[in-house]
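Please look over the sequence and the structure shown here. A short report follows them.

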Amino acid sequence: MSKSMDKKEVRQAIIIGDSYNENFQPFTGTSPLALLPIVNVPLVDFTLETLSRNGVEEVIMFCSNHIGEVKRYIQQRQSEKCTWSINMSINIISSTSCRNLGEALRDLDAKHIIRGNVLLLGIESITNANLALLLDEHKRLMKVDNGAVMTIALKEGVPGMRTGNELVIAVEPSTRRLLFHQRLTQQQTKDNFELPLEMFLTNRDVTVCHGILDPQIAVCSHMALPLFADNFDFLTRDDFVRGVLINEEILNSRIYVSKLAREEYAMRVNNWQSYQMVSLDVINRWVYPLVPDMGISQFLQYYKCYRNNIYRHGDVRLARSSKLVGDLVIDKHSSIDEDTYIHQSTIGKNCTIGKGCRIENSFLFEGAKVGDGCVLNHCLIGTGALVGSNCNILDGTVLGANVEIPAGMKIVKLLVQATAPESEWAGVSKKLADRAFTVPDEQNDEDSNSDDENEANLFDQPTYLSVLQRAYSPSIYEPSDEESESGEASPVQEDANIFLSEVVESLKRGFAEQTNAEYLILEINSSRYAYNMSLSEVNFYVVKAILQILMLQENVQTNTVATLRKILGYFGVVVKNYIRDKDAMLDCLKAFEEMSQSNETIRSKIAQLVHYLYESDLVREDVIIEWHGGLDDESLKKALCKLVDWLNESSDEDGEEDDE
């Protein structure tokens, strides 16, 4: 009976649509946090796409601010039949009087719409983790301990990094039961912490972990919401965790920890600095399959991906003398004028950038306009904002929607909104121009002296965009100094051999178990980072690993091409992820060339195999012709002559048709 009940259980998720702080001013002053764009895609699309991929059938989204805008956007995306709308229903619950997560969950508990174990996450949680596995893990815990009220997902952090998402925790290693939980503030740089002696006296084994990332993702049992309802001092999830740990025996409730796998990504966008980090991570493909070119929540490829992680929409006006360096995204209908330099930035729709600008580590939202000769560094330009000529916008400045900055101004480390504060009680604000006022500063309000408010303020201090520490890799896809311009693979070395063997093992295991091929890309990327492999080397060894697996299949000697077709039926996602441009296609063909030196089957069938790659749109004819022209092996060159002649003839015929 219980098994049949498990099967019928609807997989639910709660999304808290607001952060209940001022960390994203001035954006949240005029727009909902759910629509904050990460690499030109609203946060809500990332969250809903992740839940949809994990088989969630019903989403309860709780909103307190700008409710109408959120509802209109969800309805618009549903009418467009986006990917997450196909098999998932969205129920928006709203309350303008709600001021924290605790009140939101008390409101939901009173409505009795949660029917069992439920995923709980914030709109600002970005992840590609297997949340269905996390849910199943919590259900197994419930069978062993019916007092398991929550399982929280945590991730290994970057040493020394402080974003406000880091924790010190202690767990019982055999059960992963949480024993101690303390959040680290962004100002807290010390490595010494006080832990209760009683914890060590009452538990035989204790494991202490420092600097663990908390992406605010958890699974709650049916007991969690009533606990919030019964305890009005539970304002945040941290309050809930602290309260359960202190009163574990009284409440008969326990919290467990699940550490996400190394290849799984999870991060909370809780301030402008973490916004910058997550944006770079999405651009660098750490959040695969949520990557820019795939069109998040769309059924089409949205951007074309160029070398060095440059993503560009097909409808962009780009001056010939402009310079795009890397790690950047440019959305449709945008224009970039002569002699402008852009690096590690995101440009939204309908943006206009003038001549001779220098833009680094900056984010331009839809409709932003930047005049000639501007310098933008570590800043954000809001929707419809205007920056006059020869302005310097630097060091974490955020310009809100429709702000207008006159020519020649320099603005450093300020949050700027378009209109003056409506209330004289809002705080101190300074007028910079007719449509530019600093966001009111409430830090000097002497009436807020309670301990709870002071503690909360430690995590709600304004955090500006700033230079990322070296420990945080800005781009794992940037070519190494040793990598030549043509993308030629480096000679095999010890690390390369280990990398190749790890790729082969990952691909073998995935093919044998027929697991989701997209997870293999995460494993390959993790191995690449571990062994510091260049992108060209990754392309080369991935194809070589697939060919090694090909040669292990039955009847491969007699049905080589058919066997390759069958193999690529599964590995096609992996191949297309790496073999994208001309350089990558050359790497692919070089892998075939090297394998043909030691394998007679591939050597004898090389023409048919390359022809199949061409027919499958994995390599272009011009790349095959160029590769053939550079071959040193005369017998291999001769074996490919007929194919190359045919490609040249078909190319000539196409040219004649175009002329006609």
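The sections below cover one cysteine, one cavity, and the aromatic rings of this predicted model.

## Cys351 and its surroundings

Cys351 lies in a loop, with β21 (346-347) on one side and β22 (352-353) on the other. Its relative accessibility is 0%, so Cys351 counts as buried; the cut-off for that class is under 20%.

Residues from other parts of the sequence pack against this cysteine. With neighbours within four places in sequence set aside, Cys351 is in contact with His333, Ser334 and Ser335, and also with Leu364, Phe365, Glu366, Gly367 and Ala368. Lys332 is 19 residues away from Cys351 along the chain, and the C-alpha atoms of these two residues are 8.6 Å apart.

## The second largest cavity

How many cavities of 30 Å³ or more does the structure hold? There are 4 of them. The second largest cavity contains about 70 Å³ of space. Three helices each give two or more residues to its lining: α15 (535-550), α16 (560-578) and α17 (582-598).

The residues that line the second largest cavity are Val543, Ile546, Leu547, Leu564, Leu568, Val575, Cys588, Phe592, Leu613 and Leu618. Sorted by class, this lining has 10 nonpolar residues, with no polar and no charged ones.

## Aromatic pairs

Across the whole structure, a search finds 14 aromatic pairs. One of them joins Phe228 and Phe234, whose ring centres are 6.0 Å apart and whose planes meet at 80°, an edge-to-face arrangement. Both Phe228 and Phe234 are buried.

Another edge-to-face pair is made by Trp272 and Tyr275, with 5.4 Å from centre to centre and 80° between the planes. Where in the chain do Trp272 and Tyr275 lie? Both belong to helix α11 (residues 272-283), where they are 3 residues apart, about one turn of the helix. Trp272 is buried, and Tyr275 is buried as well. These two residues are also part of a cluster: ring pairs link Trp272 and Tyr275 with Phe24 and Phe363.

## A charge over a ring

One further ring has a charged group as its partner. Which residue has its charged end over the ring of Tyr341? The residue is Arg358, and its charged end sits 4.0 Å from the centre of the Tyr341 ring.

Conventions:
Residues are numbered from 1 along each chain as its sequence is written. This is a predicted model: local features need pLDDT of at least 70, side-chain atom pairs count only at pLDDT 80 or more; totals for chains, interfaces and linings use all residues. Side-chain values use heavy atoms; hydrogens and water are left out. Helices (H or I, at least four residues) and strands (E, at least two) are DSSP runs, numbered from the N terminus. Buried means under 20% relative accessible area, exposed over 50%, partly exposed in between (1.4 Å probe, protein chains only). Contact means heavy atoms within 4.5 Å. On a 1 Å grid over the protein atoms alone, a cavity is a set of points where a 1.4 Å probe fits but cannot get out, and a pocket is an open set with protein on both sides within 12 Å along at least five of seven lines; lining residues have an atom within 4 Å of a point. Grid points are joined across faces, edges and corners, and a volume is the space filled by probe spheres set on the points. Ala, Val, Leu, Ile, Met, Phe, Trp, Tyr, Cys and Pro count as nonpolar, Asp, Glu, Lys and Arg as charged, and the others, Gly among them, as polar. Rings of Phe, Tyr and Trp (its six-membered ring) pair if their centres lie within 6.5 Å; planes under 30 degrees apart count as stacked, over 60 as edge-to-face and the rest as tilted. A charge sits over a ring if NZ of Lys or CZ of Arg is within 6 Å of the ring centre and within 35 degrees of the ring normal.
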